Amino acid sequence: MARVIVMTSGKGGVGKTTVTANLGMHLANKNYRVCLIDMDIGLNNLDVVMNMEDRVVYTMLDVIENRCRLKEALVQDDTYPLLYLLSSGGLNQDLTITINQIRQIINQLHAVFDFVLIDCPAGIDAGFKRAVSCADEAIVVTSPHLSSLRDADKVITILSSYNILSKRFVINRARGDLMQDKLMFSVYDIGKTLGIEFGGVIPEDDHVLVLTSDSIKNQKISLNRAFSILANNILTGEKKLFDCTYKYKGLFGSIKRKLKRSV
Ligand SMILES: Nc1ncnc2c1ncn2[C@@H]1O[C@H](COP(=O)(O)OP(=O)(O)OP(=O)(O)O)[C@@H](O)[C@H]1O
Ligand SMILES: [Mg+2]
């Protein structure tokens, strides 16, 4: 049986697609069979982030409407043979795909994959309901800002009315310099506010724009270390923390903090 995990947030643009793609790559790098499903139907972009856009021939709707078999719609990653993407697309597709149709697809994926990661659209309406109805676990992605946290909190309340067995939060775009100076909510504050299990912390890092499935192995990139810890936490149930303040402690750290803020 695959673990079916939805990435959700309420607020748009906080990093659901980024977390889905990178967590998928890191789990596949650890030899787990992973299928990513783009359920941001209509405004899909997981194929672009995964650099698979040109290789998508069939989408989820083609499977549902019997134009192809599920196997034919799954696009394999170039670097990790255990990582696949089921893409969606086209604004009109959003209206036609039902929860039951997606559940049928996931039922077939259970036999083949260890993880099915669902990229959920922003908001809390039909697209959100469809995505979370198909999952057993949820990762609530939030940035350390008030508006994002408020939406995350609302989503967590809504998730209680779904059959979600475990809920974890992931703080994305954390700024170690601001956290060290107490100008940004700390991991502890966010955990206390959201009241669900801790999943991980991902730093703000421009590497997110250039990461490929090849470069995720480079442990010098802090983003990779953070995603690797997140993947381990998901696998083992541990609550290890990527400390994004580590560069900004002590005398040199305070200089770095000042420099970072002056640019
Ligand atoms: N840790 C990070 N560091 C720097 N930039 C990031 C980080 N995470 C995400 N971003 C950038 O933020 C933007 C939004 O990210 P992403 O598309 O993953 O958010 P989303 O929640 O999926 O958005 P939407 O709600 O529109 O689907 C992207 O340009 C992405 O590259
Ligand atoms: Mg997205």
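These legends walk through close-up views of a predicted model.

Residues are numbered from 1 along each chain as its sequence is written, with chains lettered from A and ligands numbered from 1 in the order in which they are written. As the model is predicted, local features need pLDDT of at least 70, side-chain atom pairs count only at pLDDT 80 or more, and totals for chains, interfaces and linings use all residues, while side-chain values use heavy atoms and leave out hydrogens and water.

**View 1. The surroundings of ligand 1.** Here you can find 16 residues around ligand 1, and K16, T17, T18, N172 and P203 come nearest (a residue counts if one of its heavy atoms lies within 4 Å).

**View 2. Polar contacts of ligand 1.** Look for pairs of N or O atoms within 3.5 Å. The side chain of N172 places an N or O atom 2.9 Å from a nitrogen atom of ligand 1. From P203, a backbone N or O atom lies 2.9 Å from a nitrogen atom of the ligand. The protein buries 77% of the 640 Å² that ligand 1 exposes when taken alone (Shrake-Rupley method, 1.4 Å probe).

**View 3. Residues where α8 meets α10.** L149, A152, D153 and I156 in helix α8 meet I190, T193 and L194 in helix α10 (helices are DSSP runs of H or I, at least four residues; contact means heavy atoms within 4.5 Å).

Conventions. Helix = DSSP H or I, 4+ residues; strand = E, 2+ residues; numbered from the N terminus. Polar contact = N/O pair within 3.5 Å; in protein donor to acceptor, adjacent residues only side chain to side chain.
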